[in-house]
Structures are given as C-alpha cells and as structure tokens.
Amino acid sequence: MLNEIERVLLTEEQLQEKILELGHTISEDYYDKNPLVICVLKGAAPFMSDLIKRVSIHIEMDFMAVSSYGTSTVSSGEVRIIKDLDASVEGRHVLIVEDIIDSGLTLNYLLDLLRRRKAESTKIITLLDKPHHRKVDLKPDYCGFEIPDEFVVGYGLDYAERYRNLPFIGVLKPEVYNR
Ligand code: 5GP
Ligand code: MG
Ligand code: MG
C-alpha cells in the first residue's frame, strides 16, 4: 500500500498537532453548550475519533452517512442519505465533522436538512478544505488545512474504498487510477 503513494501532503504529526489546536478552540467555543457532534461517515471517522479526545467539555456524538461520490473522483452533485442520525437535533447546537469540503454540495445539503429539523445552531468543522472547487457559497467555521485542488487519500479519505487507514494525507501515484 505505501508504495502506491506518490507523496505525503500532511504527516501524522502535522495532523495531530492541528487537531489538538482545534480541540482547544471547540472546547472554548462550545463551553456549556453540550453540542451534538455529528460525524459524516465514513471519511470523517478518524478525524472525529482524534478530535473528540482533544475536546475537554461535555459533548454527544452521532453519525450520519451520505454519499455524493460513489467510487469516482468527480462529484455527482447528488446527495443520498445512507444512514440518518439517531438523535433529534431540535434545539441542539450541532457541529458537523467532515473530512474534506470540495464542491460544498454535500455539506450544503446537510446544513439545510439540519436547519429544517430546527437545530439551534449549525457549524462545520472540516479537516481539509479545497476552496477552489466550490459550486455553492459555503465556508467551514473551523478548518484544519486548506489544500490545493488535488485528489488526496488517507486518514479516512478513500479511493475506491481503499487507503482510509493511512495515518497521513497523501497523493496517489497516477498509475493507481489507470488500473
Ligand atoms: P463535496 O460535496 O464538497 O464536493 O465533496 C465532499 C466529499 O467528497 C468528501 O466528504 C469526500 O468524501 C469526497 N472528496 C472530495 N474531495 C476529495 C479528495 O480529494 N479525496 C477523497 N478521497 N475524497 C474527496
Ligand atoms: Mg466526507
Ligand atoms: Mg469517498
């Protein structure tokens, strides 16, 4: 698997250092708010897992699975709910945890849904942001790293369901896509 990586964009150390920082900020901003922290599966699972361990206030967790990509590297613009939340968001301060924002279509849909379900507040934390590719006007409230418009894998992010288990963020060798 490691020999399929062209280069490392963000090391495990860089990721963990940033997540520690984000955890402190969330702890301050949500002090006394008992936020419902929603992980968007599957990509955000490693980030969610590491982030909540750096948050020092009471939170609750929930999970949602949506799909806009299938196995391709290009957004279809279509959002499908594969797994919905267990908890009601009505009156709750909701923090959505995402792996990466690209077109923004996925999160735009989720934000709209949670607002219609009467969340008290809705904010977004994303590990990665590719702001050059937006199709809708959307900015994360908290962001780990802005990255160039390249397809990345690792730390939750997949290509055809693989590479999610890499501890860093990297770029694949071109030949991997041509198989
Ligand atoms: P958006 O709806 O913002 O275009 O896309 C969001 C989703 O597309 C992400 O949650 C992720 O699943 C997928 N995605 C976008 N860019 C990348 C990328 O560079 N690498 C990988 N592996 N997935 C991406
Ligand atoms: Mg995602
Ligand atoms: Mg994917």
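These are my notebook entries on a predicted model of one protein chain.

**Overall make-up**

I began by listing the elements of the protein chain, and I found four helices and eight strands. Following the sequence from its start, I wrote down the pattern β-α-β-α-β-β-β-α-β-β-β-α.

I then looked up the extent of the chain, whose C-alpha atoms fill a box of roughly 50 × 35 × 25 Å along the principal axes. The radius of gyration is 16 Å, which agrees with the value near 16 Å that a compact globule would have with 179 residues. For contacts with a separation of 6 or more, I noted that 67% join residues 24 or more positions apart.

**The sheet**

Next I turned to the strands, and I recorded an open sheet of six strands in the order β4-β3-β2-β5-β6-β7, with mixed pairing. Its edge strands are β4, residues 80-83, and β7, residues 142-146, each of which pairs on one side only. Neighbouring strands of this sheet are turned by 30 degrees against each other on average, with direction ignored.

At the β4 edge I looked at the pairing in detail: β3, residues 60-67, and β4 pair in the antiparallel sense over three bridges. Within this part of the sheet, A65 stands opposite K83 in β4.

**Helices against the sheet**

I then asked myself which strands helix α1 lies across. Helix α1, residues 12-29, lies across β6 (121-129) and β7, and I noted that it runs at about 160 degrees to β7. Helix α3, residues 105-116, also packs on the sheet, where it touches β3, β5 (93-101) and β6, and its direction makes about 170 degrees with that of β5.

**The core**

I looked up burial last, and I found that buried residues make up 30% of the 179 residues in the protein chain. As a reminder to myself, nonpolar side chains tend to be buried together in soluble globular proteins.

The largest nonpolar core here has 37 residues, of which I38, V40, F47, V94, L95, I96 and V97 touch the most other members. The elements that give two or more residues to this core are α1, β2 (36-41), α2 (45-52), β5, α3, β6 and β8 (169-172). Which element gives the largest share of this core? I found that the largest share comes from β5, with six residues.

My final entry concerns F47, for which I left aside residues up to four places away in sequence: F47 touches V97, D99, L127, Y155 and G156.

Methods
Residues numbered from 1 in each chain as written. Chains lettered and ligands numbered in written order. Predicted model: local features only at pLDDT ≥ 70, side-chain atom pairs only at ≥ 80, totals over all residues. Pairing = 2+ DSSP bridges. Axes fitted to C-alpha atoms, helices over the stretch in contact; angles between N-to-C directions. Contact = placed C-beta atoms within 7 Å. Rg over C-alpha atoms; globule rule 2.2 N^0.38 Å. Buried ≥ 20, exposed ≤ 12 C-beta atoms within 10 Å, placed from the backbone. Core = buried A, V, L, I, M, F, W, Y, C linked by C-beta atoms within 7 Å.
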